[in-house]
Amino acid sequence: MSGAQQSIRFCTACGSQAAPQALFCVECGTQLLPATQHARTLRPAGVRVGGRYRLLRLIAMGGNGAVYEAQHELLGTALALKETLATDPAAVEQFMHEARLLARLDHPVVVRVTDSFIEPSGAAFLVMEYVAGETLQHMIEQADVSYSVADVMGWLLQLCTGLEYLHSYRDSATGQLHPVIHRDIKPLNVVLTPDGRIKLIDLGIAHVATPGQATTQMARAVTEPFAPLEQYGAGTDVRSDLYALGVTAYVLLTRQLPPSAPLRVARPQELRIRAINRTVPPGVAAAIERAMMPQREARFPTVEAFRSALERGWVTEDRLDGAAHHDTSGLWGTLRRVFVGTGPTNSSPSSPVSAGNLMLAERLVELSLIHI
């Protein structure tokens, strides 16, 4: 990042970069706010913010704000700081309220929020743990990087556990249910750590929802085609994260972007994952395609239901039979005995594993023990 400051404007509707004097966004047509309400200034390396954080480099910048790698001056630890796009006092106050709740989250898949503060200038920051590794977006874009359907399944199941935690979160201080909706799930916000773990990052536009209600405000930026139709203004809920997770799975398995939700409503079309990647099991493809339905009522009601469908589509008796044939006394032989018994007559060769036994499969895949 250059030491000279730059003034960059972004569309608050779609997050696209806008020319300094533009009146409308060239990508979505939204009228742009005056530059004084809409500008974002890059901060040079070496700047201290919050009285104790030294900025090291710009990691990313978009319609939601800028993310920097920083160092805690006293502790010497690496952190990620996100400066939000919010500027009006009400939005900043809401941001600080939700940041305090986000700081109470504790799950191995979800990045930890450790601090938040407002500069004298009014700029609001969220401080998060710094996660080393490569984003899934980076892996998709590298033609020489290969991964299997089994790898993707392991990543998806880990993401499901993280989202189930967020969506069922109860405030430890009050015991009240406060579902946390991420609202920006995409491969760019998922990091694969060097030890093979998945980390969901960037909680900068996450929203702490009222149980049973959708959010009342549009997210400050949406990322096509990962944003569901309702994120353009109708209000988001847990099924909105499910849509974005489904699109993330689609992109990982096909290395292609599907049409955006508004386009699919205007021009209805079926998404056929197996037409692009025949190695994806039919049940897995069907679960992902349902999660990506433009109408939220047509999707799974919860991420937990989606996870169960993925597991049923993935761990089937014929798959276990094929693996256990070469490993009768090892992991796969044990799995087959746990899931379907010792003999081949317990169920039809291609019937799905019973739902009651699926949690073991989830944990094994999550721990990267299953490789097909």
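A charge sits over a ring if NZ of Lys or CZ of Arg is within 6 Å of the ring centre and within 35 degrees of the ring normal. The exercises below use a predicted model.

**Exercise 1. A charge and a ring**

Task: Find which ring the charged end of arginine 290 sits over.

Solution.
Step 1. Start at arginine 290 and look at its charged end.
Step 2. The ring beneath this charged end belongs to phenylalanine 300.
Step 3. The distance to the ring centre is 4.2 Å. The cut-off is within 6 Å.

**Exercise 2. The whole chain**

Task: Describe the protein chain by its helices and strands, its buried share and its contacts.

Solution.
Step 1. Count the elements: the chain has 12 helices and 14 strands.
Step 2. Take the buried share. Of the 372 residues, 51% are buried.
Step 3. Turn to contacts with a separation of 6 or more. Residues 24 or more positions apart account for 59% of these.
Step 4. Add the surface. About 16900 Å² is exposed, and carbon and sulfur atoms supply 53% of that area.

**Exercise 3. Aromatic pairs**

Task: Classify the ring pair of tyrosine 53 and phenylalanine 117, then find what else phenylalanine 117 pairs with.

Solution.
Step 1. The whole structure holds five aromatic pairs.
Step 2. In one of them, the ring centres of tyrosine 53 and phenylalanine 117 are 5.7 Å apart, and the planes meet at 15°. Planes under 30 degrees apart count as stacked, so this pair is stacked.
Step 3. Place the partners. Tyrosine 53 lies in strand S5 (residues 53–62) and phenylalanine 117 in strand S8 (residues 113–118). They are 64 residues apart, so the pair links distant parts of the chain.
Step 4. Phenylalanine 117 also stacks with phenylalanine 125, at 5.0 Å centre to centre and 10° between the planes.
Step 5. Join the pairs: Tyr53, Phe117 and Phe125 form a cluster.
Step 6. Check burial. Tyrosine 53 and phenylalanine 117 are both buried, and phenylalanine 125 is buried too.

**Exercise 4. Helix H9 and the cores**

Task: Work out how H9 sits in the structure, and which residues have the most contacts inside the largest nonpolar core.

Solution.
Step 1. Helix H9 covers residues 303–314, which is 12 residues.
Step 2. From first C-alpha to last it reaches 16 Å, close to the 16 Å expected at 1.5 Å a residue.
Step 3. Nine of the 12 residues of H9 are buried, so the helix is largely enclosed by the rest of the structure. Among them are Val303, Phe306, Leu310 and Trp314.
Step 4. The largest nonpolar core has 66 residues. Trp155, Ile288, Phe306 and Leu310 have the most contacts inside it.
Step 5. Follow phenylalanine 306. Beyond four places in sequence, its contacts include Cys160, Leu242, Ile288 and Phe300.
Step 6. Another core, of 13 residues, lies apart from the largest one. Its members include Leu55, Tyr68, Phe117 and Phe125.

**Exercise 5. Valine 67 and isoleucine 276**

Task: Decide whether valine 67 is buried or exposed, then classify isoleucine 276.

Solution.
Step 1. Locate valine 67 in strand S6 (residues 65–72).
Step 2. Its relative accessible area is 15%. Buried means under 20%, so valine 67 is buried.
Step 3. List its contacts beyond four places in sequence. They include Arg57, Ile59, Ala80 and Lys82.
Step 4. Valine 67 and leucine 126 are 59 residues apart in sequence, and their C-alpha atoms are 9.3 Å apart.
Step 5. Now locate isoleucine 276, in helix H7 (residues 273–276). Its relative accessibility is 36%, so isoleucine 276 counts as partly exposed.
Step 6. Beyond four places in sequence, isoleucine 276 touches Tyr250, Thr254 and Gln256.

**Exercise 6. Positive phi**

Task: Say where arginine 183 and arginine 255 lie, and classify their burial.

Solution.
Step 1. Arginine 183 has phi near 70°, a positive value in a residue other than glycine.
Step 2. Arginine 183 lies in the loop between strand S11 (180–181) and strand S12 (190–192). At 11% relative accessibility, arginine 183 is buried.
Step 3. Arginine 255 also has a positive phi, near 55°.
Step 4. Arginine 255 lies in the loop between helix H5 (238–254) and helix H6 (261–266). At 33% relative accessibility, arginine 255 is partly exposed.

Conventions. Residues numbered from 1 in each chain as written. Predicted model: local features only at pLDDT ≥ 70, side-chain atom pairs only at ≥ 80, totals over all residues. Heavy atoms only, no water. Helix = DSSP H or I, 4+ residues; strand = E, 2+ residues; numbered from the N terminus. Buried < 20%, exposed > 50% of the residue type's maximum accessible area, 1.4 Å probe, protein only. Contact = heavy atoms within 4.5 Å. Areas by Shrake-Rupley, 256 points an atom, 1.4 Å probe, with all protein chains shown as cover. Phe/Tyr/Trp six-rings, centres within 6.5 Å; stacked < 30°, edge-to-face > 60°. Expected span 1.5 Å × (residues − 1). Core = buried A, V, L, I, M, F, W, Y, C linked by side-chain atoms within 4.5 Å.
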